[in-house]
Amino acid sequence: MEELRGLMPNSDDPGKASVLTLEGPPGIGKSRLVHEIKIHAQFRDVPFLHAGCNQEGEVGTRCFERITREALTLCQSGDAERLIKTYKSSFRALFPSLVGDTQNFSTQSRIQPESPQKHLDQVARCLIDIAETIPYVIAIEDIQWIDETSLGLLSALIRNMTASTEATVKPQLLLTHRMERKRDLTTVEALLTAYPHWKKLTVPFLNAQQCTDLIGSMLALKNPPTELGERIRGATLGNPFFIEETVKGLLEEGLLRMRLGLAEGLTLEELPVSSTLSEVIGDRLARIPETPRRVIETLAIHGAPTGLRLLSATCCLPPEEVLNGFQHLRQRGMLRETRSDNQLTEYSLLHRQIGDTVLRSLSPQQLKALHSMAGMALEECYPEALERIIYLEPLARHFDNAGLARKAFFYHHKAGEQAISQHRNEDAVQHLRRALELLRAGAGALRDERRGEAALLGPLGLVLSLIGRFADAVRVFKDLIELGAEATGLAIHLRGLRLLAMVELKRGEFEAAVKMLRRALGLATEETARERGRALVTMARIALWRGDYLSASALAQEALSIKDCGETLKDHQSGTKILALAEYNLGRFSRATRHVKKSLELFIQRSPKDHDPIEKELQSSMSITPEQALAELADNQAIATPFGDGFGMIISFTEMGLYLNIRGSIEACLEHCEESRHVYERLGDKQRLATTLNNAGVYYRLGGQAALSLERLERSLNIIAGIDDSHGEGVSLINLALLKLSLGDLDGAYRFAERVLKIAHDYGISWLKGHCYRTLGRIYMARGELEPSDRQLQRAEGVFRMLRHARNLSDVLIDRAELALMGEELDKAREQLKRLQETGIEFHGQDQRCRMLLLEGALEISQERPEDATRHFEDALDCARASKVMELEGQVHDRLGSLHRSLSALWLAQNHFEQAREIDEFIAQDLPPDLALCYAKHKGLNAFRQETREVQLQLDDD
């Protein structure tokens, strides 16, 4: 306890905020410690805001709504009004009742699909703002049962606390965890690990002396016998709750007496002590009278804290009799009372083990009857709120356990839909699967309704695809297709074929995807023209992913020519985005820019209601809006990223992502990646999360942050390993190979490149083969193996010429010029540079221009024209800085340093060497030791530093 007091809040020193996690099994005493800490905080005038999650799940944001409401009461009235006004939009999105939006609160789910990450961060910021005025504690118990939205709020709070400056006063956080994996807490654990003042404590079992002291306090004995403590500890293993229940049971039986200890005439050896907690609780329950027994059974069947009205309706007892039952349970230490959000008293059992024991004591018939009564009582008490997940989930559970299939089907279906709207994807899968099982088993009159089955299969497949369970999604969509067009309607049947193709595409099964789409196109009619257009767009996307940019462009244009597809803004936007990507990869930047502009215009024209929830989240969290992006394109000037795929490949999903990637601002792109990462993490979209991490890895590498690049790319690969995304695996692997190559880990780069080549061959991804050949060629070049390098680069050139991929072809031609220069084949190097003009690209990226100028400068040096070489190198430095590729800038400084030294311009040489050294040290910082050593050897830093010292000595001599 002394250690806890040192970690917990102190009003004299509020600036150093801590986050404390208490872990331990049920009954170990975590709640008791929280209560002790609460008293400690109150003695020091530190407010203590307390909330908890329960086994059924604290659905919605009840936990944080209560905390936010109480936190606002800590402020002066004027400050509270100011905060509510400042964060009103976020409160309205997350906590409608907090700002008086009672209509929205009572008729809709608390978290709407469009609620963005911005709102979560805004509420977290509000809580931090309040702490700066008056430091306080937030205690959340049993986070293993936390719901997904509350988990997002907790993550946002920790993330914002970490981002705040050290001087900022932050709330203290106290979390308890039963170490049961009921909810994926990976995100929170990663954030906590990064937080500098986090500590995790595992609550231990009581020793013999502590057990004796606890028994003494319960019996009001000043000097309890040690033998009694040892006897009870031997049976309970020192679990505090087990000890308490044992002592309470012995007191009820008269075997122990207050202030006296053992009953008269009873020896310690004769004292019956059960060896299981269930037996102890069962014995206590057997002594409860009829009415309290009915009340405790009702509390157990509901599980969550429940109000008197609902309990009375479930028990079929008048409220006064229920209150009498409460009094009896309170005297026996089995009841807990709490306050709900609207300040009404709610009742629950003191511990989960009591409820479990109660339910195990009931017969199957009794359990069915109780669940039925609980479900009907919920319908009776809350008829106006049946659209809210907080009631839908228990209704589905009760009627399912009661064996009322038709009602269970209805509520599982509704709960699944609500879970989808709140992005609680795993819960949605469970509810929709159960609804499907009930339907197929003949849930009442729904037995033959295939359209009802189709209505379940479509959303279920989409959610499974979203969370990366592609094999399951394929089975679901095949079930949807097998229902037949006559049963489901042609439009739904075509949609099933298209969705199946999309999942197969994510798995890298291109042939299977094309087969499904051709089947859909063959079945389409004039009445289903919109689905035909969507199928064509999907085929265009397949062509794009396979590197066939001409086919992608043709298919997208055909889709846009279909009236129903082209006139639907969202579908038109999808086709336009594919056109932009195809033209950009072909090096036709002017056309690509026009399509990007059109895509942004369509996005802005679309109704906000028609926007995808993810689009809304990202749009609201970005510092640049689509309107601002469109304004930047008003002059119709062609845009192109200042760096090409030579430093890593990026995949865009959204319109703004496409615009930012083409625009090429590393800072803006990283902002978009990190915001996207938060959204996809919270929504559970594993494929897009992995792709976003891949993109962030490339941008961190460009910015010289190699350690962060490595972490993001490896994390991307780890996620992909669990979702069967071959296309994404290939991209992340090739980016890792390029990063390893730049850091000098040639063996690691080679292993990654070989893995990618196998994927590219297995799935027939031509453009990926081209990147593999190029990467292998660069690896051989770094090893000094010129002939194998040339063979691989020729293969890469052949692939990119076939695909007409002008940007990548330019990279390979520059590589081949560098290789020729290494082999002292100067004419061949000039020939390769000359061939760059034949690629068909409108203009080269700044990184390519930089590399070309370095080559031209090296050729000038070979002809002993150092002045021209200096001009080329200085122009190359301008290009490197414009590209913002840090490793390229370091390379140019190194070349300029060597050139100036050869010209005896020692001050200039020293300046460039120093800047190159600083860049190399920046890139190498925080790398794993083995990789940092590899990078030092690769860059020849020891020889480089010796050269720098020699220049310094020459300067000193002068």
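**Note on aromatic rings and ring-charge contacts**

1. In this predicted model, the charged end of Arg-783 is placed over the ring of Tyr-750, at 5.3 Å from the ring centre. A contact of this kind also involves a lysine, since Lys-407 has its charged end over the ring of Phe-399, 5.1 Å from the centre of that ring.

2. Turning to contacts between rings, a search of the whole structure gives five aromatic pairs. One of them is formed by Phe-326 and Tyr-347, which are stacked, with 3.9 Å from centre to centre and an angle of 25° between the planes. Because Phe-326 belongs to helix H16 (residues 319-331) while Tyr-347 belongs to strand S10 (residues 345-349), this pair ties together parts that lie 21 residues apart in sequence. Both Phe-326 and Tyr-347 are buried.

3. Phe-410 and Tyr-411 form an aromatic pair with edge-to-face geometry, the centres being 5.0 Å apart and the planes standing at 80° to one another. As for accessibility, Phe-410 counts as partly exposed because its relative accessibility is 42%, whereas Tyr-411 has a relative accessibility of 3% and therefore counts as buried, the cut-off for that class being under 20%.

4. The rings of Phe-410 and Tyr-411 should be read together with that of Phe-399, as ring pairs link these residues into a cluster. Phe-399 is thus a member of the cluster and also the residue whose ring lies beneath the charged end of Lys-407.

Notes: Residues numbered from 1 in each chain as written. Predicted model: local features only at pLDDT ≥ 70, side-chain atom pairs only at ≥ 80, totals over all residues. Heavy atoms only, no water. Phe/Tyr/Trp six-rings, centres within 6.5 Å; stacked < 30°, edge-to-face > 60°. Helix = DSSP H or I, 4+ residues; strand = E, 2+ residues; numbered from the N terminus. Buried < 20%, exposed > 50% of the residue type's maximum accessible area, 1.4 Å probe, protein only. Lys NZ or Arg CZ within 6 Å of the ring centre and 35° of its normal.
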